[in-house]
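Student: Hey, can you walk me through this protein? I've got the picture open and don't know where to look.

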Amino acid sequence: MNTQGLETERKYLIRMPDAAFLSRGEVWEIRQTYLTAAKGSRRVREVRTRDKTQYIYTEKERVSALTSVEREREIDLAAYRTLLADARPDSAEVVKTRYRIPYAGHTLEIDVYPFWSTTAVLEVELSAEDETAPLPPEVCVIREVTEEPLYKNTNIARFLKEHPGERLPV
């Protein structure tokens, strides 16, 4: 895996979907660490699926509220461990379970965090900023949070560092 390109996505705060709906997709267990960066953001992820563990390095630069330039590549365990030494001191590791569910030609990514039991975050990549995100009837949207800074994972990491043991506000 070695990708670069524009990523346009919308993000929603949702009620926790039922287990039957979540079981429709692939499950990723993610440990995500943000790294120091001169501009944009850098992170490393450990992604565990049923079959394997991958380590992924990502750089992002915002173009607009919905779109960023993303460069991503798979790395080995040694590179992952080396990069962890460059973790942002103001950020905690973000741990989440991601459910990747195909729907209407898109992949819904539902992130379930350990600090919430009744809510989750749904992201969907779109081909253009004006495209309407397809959302199934099983998903109950509380509100769109695409432009709310607190719901960006880099800010979640900062919140978790500043407020250990607390729940992210809904």
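Tutor: Let's go through the strands, then some loop residues, the aromatic rings and a pocket. Keep in mind that this is a predicted model.

Student: OK, strands. Which way do strand 2 and strand 6 run relative to each other, parallel or antiparallel?

Tutor: They run antiparallel, and 7 bridges join them. Strand 2 covers residues 26-35 and strand 6 covers residues 94-103. To find the spot on your screen, look for V27, which stands opposite Y99 in strand 6.

Student: And what's up with strand 6 and strand 7?

Tutor: Strand 7 is residues 106-112, and it runs antiparallel to strand 6, with 7 bridges joining the two. Y103 has H106 in strand 7 as its bridge partner. The two strands form a hairpin with 2 residues between them.

Student: Which residue in that turn has a positive phi?

Tutor: That's A104, with a phi of about 50 degrees.

Student: Let's go back along the chain. How many bridges are there between strand 3 and strand 4?

Tutor: There are 8, and the pairing is antiparallel. R43 is a handy marker here, since its bridge partner in strand 4 is T58. This is a hairpin too, with 4 residues between strand 3 and strand 4.

Student: What does strand 4 do with strand 5?

Tutor: Strand 4 runs antiparallel to strand 5, residues 67-75, and 8 bridges join them. I56 stands opposite E74 in strand 5, and the hairpin that joins these two strands goes through 4 residues.

Student: Now loops. Where does T49 sit?

Tutor: T49 is in the loop between strand 3 and strand 4.

Student: Is T49 buried or exposed?

Tutor: Buried. Its relative accessibility is 19%, and the cut-off for buried is under 20%.

Student: Which residues does T49 touch?

Tutor: Leaving out residues up to four places away in sequence, T49 touches E26, V27 and W28. You've met V27 already, as the residue opposite Y99.

Student: What about G40, where's that?

Tutor: G40 is in the loop between strand 2 and strand 3. Its C-alpha atom is 7.2 Å from that of E59, though the two are 19 residues apart along the chain. G40 also touches K60 and E61, again not counting residues up to four places away in sequence.

Student: One more loop residue. Where is P17?

Tutor: P17 is in the loop between strand 1 and helix 1. At 7% relative accessibility, P17 counts as buried. With neighbours within four places in sequence set aside, P17 is in contact with L22 and I110. The C-alpha atoms of P17 and T119 are 8.3 Å apart, and those two residues are 102 residues apart along the chain.

Student: New topic! How many aromatic pairs does a search of the whole structure find?

Tutor: It finds 5. One of them is F115 with W116: the ring centres are 5.1 Å apart and the planes are at 75 degrees, so the pair is edge-to-face. Both F115 and W116 are buried.

Student: And how are the rings of W116 and Y151 arranged?

Tutor: Those ring centres are 6.4 Å apart with planes at 35 degrees, so that pair is tilted.

Student: Why does the pair tie together separate parts of the chain?

Tutor: Because W116 lies in the loop between strand 7 and strand 8, while Y151 lies in the loop between strand 9 and helix 3, the pair ties together parts that are 35 residues apart in sequence. W116 is buried, with a relative accessible area of 4%, and Y151 is buried as well, at 2%.

Student: Which residues form the aromatic cluster?

Tutor: Y113, F115, W116 and Y151 form one aromatic cluster.

Student: Last thing: how much space is in the largest pocket?

Tutor: About 650 Å³. The pocket is lined by 32 residues, and the ones nearest its centre are E7, E9, R43, K60 and E70. R43 is the residue whose bridge partner is T58, and K60 is one of the residues that G40 touches.

Student: How does the lining divide into nonpolar, polar and charged residues?

Tutor: The lining of the largest pocket has 7 nonpolar, 8 polar and 17 charged residues.

Key:
Residues are numbered from 1 along each chain as its sequence is written. This is a predicted model: local features need pLDDT of at least 70, side-chain atom pairs count only at pLDDT 80 or more; totals for chains, interfaces and linings use all residues. Side-chain values use heavy atoms; hydrogens and water are left out. Two strands pair if DSSP finds at least two bridges between them. Buried means under 20% relative accessible area, exposed over 50%, partly exposed in between (1.4 Å probe, protein chains only). Contact means heavy atoms within 4.5 Å. Rings of Phe, Tyr and Trp (its six-membered ring) pair if their centres lie within 6.5 Å; planes under 30 degrees apart count as stacked, over 60 as edge-to-face and the rest as tilted. On a 1 Å grid over the protein atoms alone, a cavity is a set of points where a 1.4 Å probe fits but cannot get out, and a pocket is an open set with protein on both sides within 12 Å along at least five of seven lines; lining residues have an atom within 4 Å of a point. Grid points are joined across faces, edges and corners, and a volume is the space filled by probe spheres set on the points. Ala, Val, Leu, Ile, Met, Phe, Trp, Tyr, Cys and Pro count as nonpolar, Asp, Glu, Lys and Arg as charged, and the others, Gly among them, as polar.
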